[in-house]
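This report examines a protein chain and its bound ligands, part by part. Please keep the sequence and the structure in view while reading.

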Amino acid sequence: MMLKKISILNDNYIWIIYNIYKECVIIDPGTSNDVIKTIIKEKWTPIAILLTHKHKDHINGVEKIKKKYPEIIIYGPSEINHIPIDIIVYEGMVIKLLYRKFIVLFTPGHTYGHVSYYSNPYIFCGDVIFSGGCGYVDNNQYIEMYNSIKKILSLPNNTLLCCSHEYTLSNLIFSISIVPDDIEIKKYYILVKKKIKTKKSTLPTLLLYERKINLFLRTHETILKKSIGISDKSNSFKTFVALRLKKNLFKK
Ligand SMILES: [Fe+2]
Ligand SMILES: [Fe+2]
């Protein structure tokens, strides 16, 4: 299985996976033009669209793609009710596409019905985790988001996170404001700054590495609790909420 990503809008990525038989699956097409152009150029046959959640920047291209390729099957969570979904997905569902298995993980918090799709070594995790950060938590669903992140954290270290936004640099700027002496984060910041300057992507990112540089995956650490000014007896969830609230208020 091979992977391609298309940059759209300000900072979104559409991920496309394809195989040697030129079949492809599209994840979260927020627009349609570049997807259709790429499919024509590569002579691919689109088999399916996988949707993670209901936000427009992830689904706005679906209808035009379906119109052009009526055979395509659209998979998505039940929260998407304003465009036609062919197959509603649920936790633990196994979807067989491109001669591979895609396991659906229910990962709410950013929206109430958000899902991710895991096909070893890739996880298409929409707006749950970003490199160096995590998605905005909607409607006070902190416990849901915390558990969704923990679920993704339980995957093997070689998992590649195919996140939907290029937010890495701003996430690291926030992280440095919290833990200015963290050598791993500083090192990664320098690398990311160079990549962004030369218009290179920072994604996909390796779960093993995110465990080191993503503060939202390190909420068990005493140093982090101290840095955000909460008691070192606070549990990991409390730390997560405090950190996410700080991020909401953070201005570069
Ligand atoms: Fe979103
Ligand atoms: Fe998004």
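## The site of the iron ion (ligand 1)

In this predicted model, the iron ion (ligand 1) has the protein donors H53 (NE2), H55 (ND1), H110 (NE2) and D127 (OD), which lie 2.2 Å from it. Along the sequence, these donor residues follow the spacing H-x1-H-x54-H-x16-D. The angles among the four donor atoms run from 89 to 172 degrees, and the site is irregular.

Distant parts of the chain are linked here: H55 belongs to the loop between β4 and α2, whereas H110 belongs to the loop between β8 (100-106) and β9 (115-119), 55 residues apart. Are these two residues buried or exposed? H110 counts as buried because its relative accessible area is 8%, which is under the 20% limit. H55 counts as partly exposed because its relative accessibility is 28%, a value between the limits of 20% and 50%.

## The site of the iron ion (ligand 2)

The iron ion (ligand 2) has the protein donors D57 (OD), H58 (NE2), D127 (OD) and H165 (NE2), at 2.1 to 2.5 Å from it. In sequence, the spacing of these residues is D-H-x68-D-x37-H. This site is also described as irregular, with angles of 86 to 163 degrees among its four donor atoms.

Which residue coordinates both iron ions? D127 does so, and the two ions are 3.3 Å apart. Distant parts of the chain are again linked: H58 lies in helix α2 (residues 56-59), and D127 lies in the loop between β10 (122-126) and β11 (129-130), 69 residues from H58. H58 and D127 are both buried.

## The six-stranded sheet

Six strands form an open sheet with mixed pairing, in the order β1-β2-β3-β4-β5-β6. Its edge strands, β1 (2-8) and β6 (87-88), each pair on one side only. Strands of a sheet pair through backbone hydrogen bonds, either parallel or antiparallel.

Strand β3 (residues 23-27) and strand β4 (residues 45-50) are paired in the parallel sense, over five bridges. Opposite P46 in β4 stands C24. Helix α1 (residues 33-42) packs on the sheet and touches β1, β2 (12-18), β3 and β4. The direction of helix α1 makes about 145 degrees with that of β1.

## A buried serine in helix α4

S148 is part of helix α4 (residues 142-153). S148 counts as buried because its relative accessible area is 1%. Apart from neighbours within four places in sequence, S148 is in contact with F106, T107, P108 and V128.

Notes: Residues are numbered from 1 along each chain as its sequence is written. Chains are lettered from A and ligands numbered from 1 in the order in which they are written. This is a predicted model: local features need pLDDT of at least 70, side-chain atom pairs count only at pLDDT 80 or more; totals for chains, interfaces and linings use all residues. Side-chain values use heavy atoms; hydrogens and water are left out. Two strands pair if DSSP finds at least two bridges between them. Helices (H or I, at least four residues) and strands (E, at least two) are DSSP runs, numbered from the N terminus. Contact means heavy atoms within 4.5 Å. Axes are lines fitted to C-alpha atoms, for helices over the stretch in contact, and angles run from 0 to 180 degrees between N-to-C directions. Buried means under 20% relative accessible area, exposed over 50%, partly exposed in between (1.4 Å probe, protein chains only). Donors are N, O and S atoms within 2.8 Å of the metal (3.2 Å for Na, K and Ca); water is not among the atoms, so sites may look incomplete. Four donors count as tetrahedral if all angles lie between 85 and 135 degrees; four count as square planar and six as octahedral if opposite donors are over 155 degrees apart and all others between 65 and 115; anything else is irregular.
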